[in-house]
Amino acid sequence: MGIVAGLDSSSGFTRVVVCDADTGAVLRQGYAHHPVEPKATEVDPQVWLLSLGEAASGGLLEGVEAIGVSAQQDGMVALDRQGNPVRAALIGNDKRAQVAAADLIDALGGRQAWADAVGSVPQSSRLVAKLRWMARTEPDAAHRTALVLQPHDWLVWQLLGRPARRTTDRGAASGTGYWSARTGAYRPDLVELALGHQAALPEVLGPADAAGTTPEGLLISAGTGETMAAAFGLGVGIGDAVVSLGASGSVMAVHHEAAADPSGLITSFADATGMHLPVVHTLNAVRALRGTAELLGTADLGELSALALKSTPGSSGLVFLPYLEGERTPQLPHTAGTLTGLRRESMKPEHLARAAFEGMLCSLADAMDVLRGRGVEVRRVFLLGAAAELPAVQVLAPSVFGAQVVVPQPADYAALGAARQAAWALGVARGTHSPQHPPAWQGAAAQVFEPGDDTAVGAAVRQQYRATREQVHPGAFGPGVLGQGPLGV
C-alpha cells in the first residue's frame with residue numbers, strides 16, 4: 001500500500017520509524033535527543049520540533065505517505081488567542097500540582113465524584129491539576145490561556161501548519177482529567193473549575209481518522225499518547241496486560257469498558273483502537289533491585305539475578321515489601337520498605353537477592369489484582385523494560401503472575417504504534433481498510449514463558465507476601481479493592 005512513518009516524542013528524545021504500510025516491516029529509523037536538562041519540568045515546545053527535524057534528517061521520510069505522532073503524556077501547552085505559548089510547557093515529571101490536585105478533589109465533592117465524572121481521580125501529573133496550579137500561582141498566564149493542548153496535539157498542529165482546526169485523539173484526551181473515556185465527551189465545567197474560565201479544547205478524533213494533510217500532501221493521522229501508542233505497537237488485546245519495569249512500575253491491560261475507580265489507584269485511559277487501557281502505577285520496581293544490589297555489593301543487576309537463583313522459592317522466609325520511596329499502590333506515600341523473616345539461616349545474600357525479585361513482582365501482582373478487582377481479565381502478561389531480560393525475572397514472573405509471560409524483543413513500540421495508526425488512517429482514506437479494523441501487522445518477536453507446574457509455588461510466594469503486607473500495613477488496600485487472581489490470592 002505504501003510507506004508510513006511513526007514518530008515518538010518522549011520526554012528526552014524523538015524516535016522515528018519508517019515502515020511498510022502493509023506488513024509493518026521497519027525500513028529506516030532516526031533518533032535525536034531533546035536539547036533539555038534531564039530532570040527539567042518545563043520546556044519550550046519548540047525543542048520538540050528541533051528534535052523531530054534532526055531525527056528525520058538525511059532523507060529519512062523520503063517516499064512516506066502518512067505520519068502518526070506519539071508523544072509524552074501529562075504535558076500542558078497553554079496557548080493564547082494567537083496560538084503562542086503563555087509560558088513554557090509543563091511536562092509529566094512536574095510534581096508541583098500535588099496541592100492543586102487535592103484542591104480539585106475537594107472542590108468537586110470527593111473521589112467518587114471524579115470517578116463518576118471522568119473515570120479517575122486527579123493526580124499531580126494530570127493536565128487538569130496543572131491548570132489549577134497555574135491558575136493559583138501564575139494568574140496572569142492562566143488569564144491569557146485561550147487554548148489548551150498536550151504535546152502530541154501541539155506537534156500534530158505544527159506539522160499541519162497551525163490550521164484553525166486543532167485535534168487530539170481519545171487516548172490522549174483520556175489523560176487530561178476533563179474528558180470521560182466512558183461517555184466520550186469533555187467536561188468543560190472541570191476545565192473552568194481548574195483554570196477559572198473556559199478554554200478552547202481540541203476536537204477528539206476517532207482511532208482511524210486523519211487529523212489532516214500537509215500542504216505537501218502528507219497525511220497526518222490522529223496521533224495518540226505514548227502509552228496508547230506502545231500498546232498498539234505491541235498488538236495487545238483483551239486478556240493481555242503490560243507490565244513496565246522501570247525505576248517505578250506500571251500495569252496496564254486492555255478492557256472493553258472504562259474502569260471507573262474512586263480509590264484513585266486506577267487511571268482510566270482510552271486506547272488507540274476504540275477500547276480502554278486501565279493503568280495502575282507503583283512507585284517502586286527496579287529501584288528496589290538496584291537498592292538491594294548496592295546493599296549486597298553486587299556489580300550489576302545481572303549478578304543480583306544470578307545470586308537470586310541460588311536461593312529457593314520464598315527466599316528462606318525473607319519477605320521484602322519494596323516501598324522504598326513510599327508507595328502509590330497501595331496508597332502509602334510516607335511509608336518505607338520492610339524486610340521481615342530474618343533468621344540465622346535466612347541471613348544470606350542469595351535469600352535477600354531473591355526476596356528483592358519476589359517483592360518487586362508481588363507488588364506488581366498486587367497492582368494487577370487491582371485491575372482484576374474491576375473486572376479486567378488477565379491471561380497473558382507482556383514484560384517491558386531492560387529488567388525483563390534478567391533470568392530471575394523470567395523464571396519467577398510466570399508463577400507469581402499466574403499467567404503466560406511474554407518478553408518482547410526491545411523495539412521502539414510507541415513509534416511503531418504511531419506508524420501503524422498512520423497506515424490505518426491512510427488505508428481508510430484510500431478505501432482499502434475498514435475504520436473498525438486496524439492493519440494486521442506482524443506481532444513483536446518475543447520469548448514466551450509458561451507458569452507450568454510452578455503455579456502452586458507462585459501461590460505460596462504470593463500468600464507469604466500478602467500475609468506480611470497485611471501484618472505491616474493492615475487494610476492498606478481497603479475492602480474489595482484487590483480482585484482474585486488466578487492463584488486465588
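This passage walks through one helix, one buried serine and the cavities of a predicted model. Residues are numbered from 1 along each chain as its sequence is written, and side-chain values use heavy atoms, with hydrogens and water left out. Because the model is predicted, local features need pLDDT of at least 70 and side-chain atom pairs count only at pLDDT 80 or more, while totals for chains, interfaces and linings use all residues.

A good place to start is helix α10, which covers residues 286-296. Helices here are DSSP runs (H or I, at least four residues), strands are runs of E of at least two, and both are numbered from the N terminus. In α10, V286, A288, L289, T292 and A293 are buried, where buried means under 20% relative accessible area, exposed over 50% and partly exposed in between (1.4 Å probe, protein chains only). Viewed down the axis of α10, these buried residues fall within an arc of 155°, so they line one face of the helix; the arc is that of the directions from the helix axis to the C-beta atoms. The face turned away from that buried side carries the exposed residues E294 and L295. The buried residues of α10 pack against β16 (239-245), α11 (301-308), β20 (319-321) and α12 (349-372), with contact taken as heavy atoms within 4.5 Å. Just after α10, G297 takes a positive phi of about 75°.

Next comes S180, found in strand β10 (residues 179-180). S180 is buried, with a relative accessible area of 2%. The side chain of S180 reaches the backbone nitrogen of R182 at 3.2 Å. Leaving aside residues up to four places away in sequence, S180 touches A117, V118 and A185.

Finally, the structure holds three cavities of 30 Å³ or more. On a 1 Å grid over the protein atoms alone, a cavity is a set of points where a 1.4 Å probe fits but cannot get out, and lining residues have an atom within 4 Å of a point. Grid points are joined across faces, edges and corners, and a volume is the space filled by probe spheres set on the points. The largest cavity has about 50 Å³ of space, and its lining includes L127, D153, Y178 and P202. The second largest cavity also has about 50 Å³. Among the residues lining the second largest cavity are F320, E358 and Y465, and β20, α12 and α15 (455-472) each supply at least two residues of that lining.

How values were computed: Polar contact = N/O pair within 3.5 Å; in protein donor to acceptor, adjacent residues only side chain to side chain. 1 Å grid on protein atoms, 1.4 Å probe; cavity = no way out; pocket = protein on both sides within 12 Å on 5 of 7 lines; lining within 4 Å.
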